[in-house]
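Colleague: Could you take me through one part of this model in detail, the place where two helices cross, and then work outwards from there? I'd like the residues on each side and whatever else touches that region.

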Amino acid sequence: MPPTHARILEIALAVSVAVAFADSSIVVLALPELFIELQTTIPEISWVVTAYNLAVVVAAFALLPFVRRVRPAWLLLAGLGVFLAAAIACALANSLEALVAGRVVQGIGAGLLLGASLPVLLVLSGDRRRAIAIWVTAGTLGTAVGPALGGILTELFDWRAIFAVQAPLAAAAIAAALSTAVRA
């Protein structure tokens, strides 16, 4: 694979890692709007964040027995596909129950993609330190930028924009994972 192509794929995967980490808190500033629009309670609306985080942890731990048995690129593809579908479902949700269900599914996809993305980045970069640096940097930036980005999207559009923006980013990462599926 030409070096330029590999770098583009690294960037697409880094963005997906950043988005998965950002999603942990991206809806925080949208919670007041969600609270009003979905006519719910504060404990109920907190599940929009909590459901995602719990699902990421459960999916990541469930992935551990399969990491060495299944090609990482296939796990990454599965995670990205689930994340993409769930982002669309969240953007279309019209009830708290639908949104929380979408967040659970999105968290499962995120757990898979976070667990499988590092081995794929290693194949792309060919350097363990570089792959780890990309993954950690992407995660750190995603975590730091998530709430602000969610707030901006909610302010400019509405809370659904948070999830609508994620779909094309996940699709780009799917393209990156497809090109490495045979090697990773």
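Modeller: Sure. Let's start with helix H6 (residues 96-125) and H7, whose axes come within 8 Å and cross at roughly 135°. That angle makes H6 oblique to H7, and the crossing is right-handed. Keep in mind as we go that this is a predicted model.

Now for who meets whom. H6 brings Leu114, Ser117, Leu118, Leu121, Leu122 and Ser125, and they meet Arg128, Arg130, Ala131, Ile132, Ile134 and Trp135 of H7. Sorted by class, that contact has eight nonpolar, two polar and two charged residues.

Several of those names come back when you look at helix H1, which is where Glu10 is found. Glu10 has a relative accessibility of 3%, so it counts as buried, the cut-off being under 20%. And what does Glu10 touch, once residues up to four places away in sequence are set aside? Its contacts are Leu121, Leu124, Ser125, Arg130 and Ile134. Leu121 and Ser125 are on the H6 side of the crossing, and Arg130 and Ile134 are on the H7 side.

Ala6 is found in H1 as well. With a relative accessibility of 6%, Ala6 counts as buried. Its C-alpha is 9.5 Å from that of Val123, although Ala6 and Val123 are 117 residues apart in sequence.

Trp135, one of the H7 residues meeting H6, has a second role to look at. The model has two aromatic pairs. In one of them, the rings of Phe21 and Trp135 have their centres 5.4 Å apart and their planes at 80°, so the pair is edge-to-face. Phe21 lies in helix H1 (residues 3-22) and Trp135 in helix H7 (residues 128-156), so this pair ties together parts that are 114 residues apart in sequence. Phe21 itself is partly exposed, with a relative accessible area of 25%. The other pair is Trp159 with Phe163, also edge-to-face, at 6.3 Å centre to centre and 80° between the planes. Trp159 and Phe163 are both buried.

Carry on past H1 and you get to Ser25, in the loop between H1 and H2. Ser25 has a relative accessibility of 16% and counts as buried. Apart from its neighbours within four places in sequence, Ser25 is in contact with Thr143 and Pro147.

A little further along there's a residue with an unusual-looking setting to check: Gln39, in the loop between helix H2 (31-37) and helix H3 (42-45). Phi of Gln39 is near 45°, a positive value in a residue other than glycine. Gln39 counts as exposed, at 72% relative accessibility.

Back to H6 to finish, since it takes part in another crossing too. The axes of helix H4 (residues 47-63) and H6 come within 7 Å and cross at roughly 35°. That crossing is right-handed, and the residues of the contact divide into 19 nonpolar, four polar and one charged. If you're going through it on screen, I'd begin with Glu10, which touches Leu121 and Ser125 as well as Arg130 and Ile134, and then go to the Phe21 and Trp135 rings, with their planes at 80°.

Conventions: Residues are numbered from 1 along each chain as its sequence is written. This is a predicted model: local features need pLDDT of at least 70, side-chain atom pairs count only at pLDDT 80 or more; totals for chains, interfaces and linings use all residues. Side-chain values use heavy atoms; hydrogens and water are left out. Rings of Phe, Tyr and Trp (its six-membered ring) pair if their centres lie within 6.5 Å; planes under 30 degrees apart count as stacked, over 60 as edge-to-face and the rest as tilted. Helices (H or I, at least four residues) and strands (E, at least two) are DSSP runs, numbered from the N terminus. Buried means under 20% relative accessible area, exposed over 50%, partly exposed in between (1.4 Å probe, protein chains only). Axes are lines fitted to C-alpha atoms, for helices over the stretch in contact, and angles run from 0 to 180 degrees between N-to-C directions. Angles under 35 degrees count as roughly parallel, over 145 as roughly antiparallel, 65 to 115 as roughly perpendicular and the rest as oblique. A crossing is left-handed if the near helix is turned anticlockwise from the far one by less than a right angle, and right-handed if clockwise. Contact means heavy atoms within 4.5 Å. Ala, Val, Leu, Ile, Met, Phe, Trp, Tyr, Cys and Pro count as nonpolar, Asp, Glu, Lys and Arg as charged, and the others, Gly among them, as polar.
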